[in-house]
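Please work through the following exercises with the sequence and the structure side by side. Each task is followed by a solution that goes step by step.

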Amino acid sequence: MDFLTLPKRSSKPRETGITHVLDKGMGVEQIRDLFAICGEYVDIVKLGWGTGYVTPNLKEKIAVYHELGIPVCFGGTLLEVALRQNKLDEYIRAVKEFGMEYIEVSDGTIAMAEADKLALLKRLTKEFAKVLSEVGSKDEQIVIAPFKWVDSIKRELDAGAWKVITEGRESGTVGVYQPGGEVKEGLIDEIVSAVSPERLLIEAPIKKQQTWFVKKFGANVNLGNIPPEEVISVETLRLGVRGDTLLTFH
Amino acid sequence: MDFLTLPKRSSKPRETGITHVLDKGMGVEQIRDLFAICGEYVDIVKLGWGTGYVTPNLKEKIAVYHELGIPVCFGGTLLEVALRQNKLDEYIRAVKEFGMEYIEVSDGTIAMAEADKLALLKRLTKEFAKVLSEVGSKDEQIVIAPFKWVDSIKRELDAGAWKVITEGRESGTVGVYQPGGEVKEGLIDEIVSAVSPERLLIEAPIKKQQTWFVKKFGANVNLGNIPPEEVISVETLRLGVRGDTLLTFH
Amino acid sequence: MDFLTLPKRSSKPRETGITHVLDKGMGVEQIRDLFAICGEYVDIVKLGWGTGYVTPNLKEKIAVYHELGIPVCFGGTLLEVALRQNKLDEYIRAVKEFGMEYIEVSDGTIAMAEADKLALLKRLTKEFAKVLSEVGSKDEQIVIAPFKWVDSIKRELDAGAWKVITEGRESGTVGVYQPGGEVKEGLIDEIVSAVSPERLLIEAPIKKQQTWFVKKFGANVNLGNIPPEEVISVETLRLGVRGDTLLTFH
């Protein structure tokens with residue numbers, strides 16, 4: 001079918017319009033089957049938090065993603081555990097051995113001095129094709145002032161991060177969201193007054209969040225932590241073929 | 001196992017007791033696998049909203065459904081986009097080319113004059129085996145008076161709709177539901193005082209909604225927008241082998 | 001990867017650290033695929049409530065679980081329906097014919113005199129390898145006093161139950177939970193002042209519940225009604241490689 005006029009979408013390898021998917025324990029056949037349907041819309045898969053560490057057939061799983069041409073990386077939390085145990089080098093070695101070209105740095109749970117985070121980002125940009133840096137806390141009780149978000153994002157981009165991920169978690173209830181999942185609109189406005197949204201990868205696991213960002217920044221906004229079974233739905237929101245964005249685009 | 005006495009269920013092809021399933025992007029192996037378990041309970045599958053339009057292997061997917069003997073149709077939103085772009089004929093041609101015998105007409109997002117909707121229904125009844133018509137808005141801020149629901153449903157049945165779908169969306173928070181998912185009981189009472197529930201296909205994606213309707217109208221109420229992984233659960237509610245309806249039937 | 005120091009986990013066959021999974025209608029290929037990833041973390045699968053009764057390929061499905069070395073049982077609700085229809089012997093015969101070694105006794109929906117429940121437990125311990133007994137109501141309006149929970153749990157263990165399941169349902173909103181899903185902390189404290197948590201199998205379908213119990217009782221708490229797709233996530237919570245429990249263990 002090609003009888004409709006739809007918003008123009010970016011194509012792979014994408015710099016904008018990225019869909020970043022959260023895999024929290026899919027089977028390999030499920031990956032093959034689902035991504036036969038939606039793989040062209042998927043730019044990166046994250047093996048959420050430490051799930052990769054407890055996945056017995058991890059090597060096979062990563063091989064399937066690579067076969068499908070989809071880059072895969074570990075969640076930042078796994079790096080945080082490694083840091084906490086002074087095992088950073090071991091962690092980086094493992095990431096390389098699995099053939100991953102993307103790596104994520106976060107401090108959503110542990111405390112990390114800003115200078116240390118920036119130094120780590122700089123180091124990793126020399127060793128990996130793309131470094132993702134995450135800003136924001138996983139604790140819904142911790143509220144970070146907007147100017148601090150902006151400062152962190154700018155410095156982490158300057159340090160070489162490819163994109164900065166804005167925290168939302170799997171739940172969409174922390175970071176740039178209220179505990180009920182509503183977007184902190186003032187915070188987003190403040191961030192994008194200083195940083196192009198193209199440099200952000202916005203975790204937006206819930207439909208009302210995806211809708212808000214597509215309406216605000218257009219079809220080619222970068223969205224992260226998309227559940228695998230929602231990839232097709234997100235694509236319809238981007239193109240205005242779901243009720244929520246139909247009248248925005250058509 | 002057949003030692004229990006259970007409510008008598010209708011059998012295929014069903015006029016009542018219909019389970020209408022929402023597919024928002026399943027893979028073909030998942031379809032084969034899941035419907036080996038629950039296919040006999042599934043009467044129609046809807047490829048939700050415009051998901052069909054962005055599914056690369058759509059032809060194969062539809063073929064799998066047809067192989068399983070399960071009719072499949074597009075969501076009404078896709079027709080709404082086509083109407084909005086003056087591409088109705090192209091849309092209908094595509095639906096036929098995919099071998100679909102069911103078609104859905106809705107105005108949940110776009111405005112459509114009632115005369116136009118009725119004329120479209122009449123036209124489609126000549127071209128398709130079954131025409132589904134949907135009543136209700138996808139916008140939770142739009143509240144339609146009960147008498148208008150009744151009028152629309154009656155006219156659309158008169159115009160040839162096989163069943164009228166009452167809006168609930170994937171979320172179960174609009175149309176015949178409060179934003180918290182509770183059934184608008186007065187609205188349902190008013191509708192069924194004028195129209196037999198057998199002519200309705202009630203979108204009821206959430207368990208408490210399915211339970212309410214099974215208790216109200218019995219095992220063979222027509223339920224729509226059932227998530228694929230809930231088909232077996234819905235069947236247990238219909239038969240009273242889940243706690244929620246056990247004491248209703250046994 | 002084995003560079004991290006993690007809490008020591010029990011191994012199969014487990015007496016503690018049990019993960020009990022709720023299957024409400026999975027396909028057999030999905031089972032094979034998912035449990036290739038997480039089967040070593042799964043100790044028992046429950047075919048929720050009466051889903052087993054309406055599963056056409058049940059025999060094949062159970063065979064797949066047995067092939068994977070994972071014990072499988074029916075939900076207690078199916079036994080409740082059988083009791084209600086005076087078909088207990090037929091039910092037990094069916095359970096045996098399917099080769100199940102685990103059986104669950106509950107009275108979450110029907111009323112059962114305590115003496116009858118205890119007598120049934122005693123009878124079943126002679127016929128099955130493991131008898132699970134469930135305490136708590138599925139009705140969120142029924143609140144049972146903590147001392148009654150304790151009495152029931154102790155008597156049912158004395159009658160031979162291997163573990164006592166504390167009710168939570170698929171939703172995590174009844175039994176030991178508030179309607180919003182929060183743990184009834186005082187109730188749990190009262191229960192474990194009289195019964196070792198090792199003898200409990202705590203239904204905890206929601207992440208915040210799993211987190212609470214892992215923090216309270218450690219990596220090897222027994223957790224039940226885990227959705228299949230959350231098994232890996234639960235394992236990460238147990239090991240402190242997810243943000244929610246990272247600082248508890250590392």
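**Exercise 1.** Where in chain C is the place of Pro13(C)?

Solution. Pro13(C) sits in the segment before strand E1 (19–23) of chain C, where helices (H or I, at least four residues) and strands (E, at least two) are DSSP runs numbered from the N terminus. The model is a predicted one, in which local features need pLDDT of at least 70 and side-chain atom pairs count only at pLDDT 80 or more, while totals for chains, interfaces and linings use all residues. Residues are numbered from 1 along each chain as its sequence is written, chains are lettered from A and ligands numbered from 1 in the order in which they are written, and side-chain values use heavy atoms, with hydrogens and water left out. The next step is the peptide bond that joins Lys12(C) and Pro13(C), which is cis, with omega about -10°. In chain A, the bond from Lys12(A) to Pro13(A) is cis with omega near -10°, and Pro13(A) lies in the segment before strand E1 (19–23) of chain A.

**Exercise 2.** Determine how many disulfides the structure holds, and explain the result for Cys73(A) and Cys38(C).

Solution. Start with the general idea: a disulfide is a covalent bond between the sulfur atoms of two cysteines. Here the term is applied to a pair of cysteine sulfur atoms within 2.5 Å. A search of the whole structure, over all chains, finds 0 disulfides. For Cys73(A), the closest cysteine sulfur belongs to Cys38(A) and is 17 Å away, so it is too far for a bond. For Cys38(C), the closest cysteine sulfur is that of Cys73(C), also at 17 Å and therefore too far for a bond. As a last step, consider accessibility, where buried means under 20% relative accessible area, exposed over 50%, and partly exposed in between (1.4 Å probe, protein chains only). Cys73(A) is buried, at 0%, and Cys38(C) is buried, at 1%.

**Exercise 3.** Describe the backbone and the surroundings of Asn225(A) and Trp49(B), neither of which is a glycine.

Solution. Asn225(A) has a positive phi of about 55°. Asn225(A) belongs to strand E8 (residues 223–226) of chain A and is buried, with a relative accessible area of 3%. Turning to chain B, Trp49(B) has a positive phi of about 35°. Trp49(B) is located in the loop between strand E2 (44–47) and helix H2 (58–67) of chain B, and with a relative accessible area of 8% Trp49(B) is buried.

**Exercise 4.** Characterise Lys46(C) and Glu198(A) by place, accessibility and contacts.

Solution. Begin with Lys46(C), which is in strand E2 (residues 44–47) of chain C and counts as buried at 6% relative accessibility. Lys46(C) and Gly76(C) are 30 residues apart along the chain, and their C-alpha atoms are separated by 9.2 Å. Contact means heavy atoms within 4.5 Å. Leaving aside neighbours within four places in sequence, the residues in contact with Lys46(C) include His20(C), Asp23(C), Glu104(C) and Asn225(C).

Glu198(A) is found in the loop between helix H7 (185–194) and strand E7 (200–203) of chain A, and is partly exposed, with a relative accessible area of 45%. With neighbours within four places in sequence again left aside, Glu198(A) is in contact with Glu15(A), Thr16(A), Lys163(A) and Asn222(A). Glu198(A) and Val150(A) are 48 residues apart in sequence, with 14 Å from C-alpha to C-alpha.

**Exercise 5.** Describe the contact between chain A and chain B, and state which residues of chain A lose the most area.

Solution. First count the participants: the contact takes 28 residues from chain A and 35 residues from chain B. Next comes the buried area, that is, the accessible area (1.4 Å probe) that two parts lose on being put together, summed over both. Chain A and chain B bury about 2700 Å² between them, with 64% of it on carbon and sulfur atoms. In chain A, the residues that lose the most area to chain B are Met1(A), Phe3(A) and Ile37(A), which together account for 28% of what that side buries.
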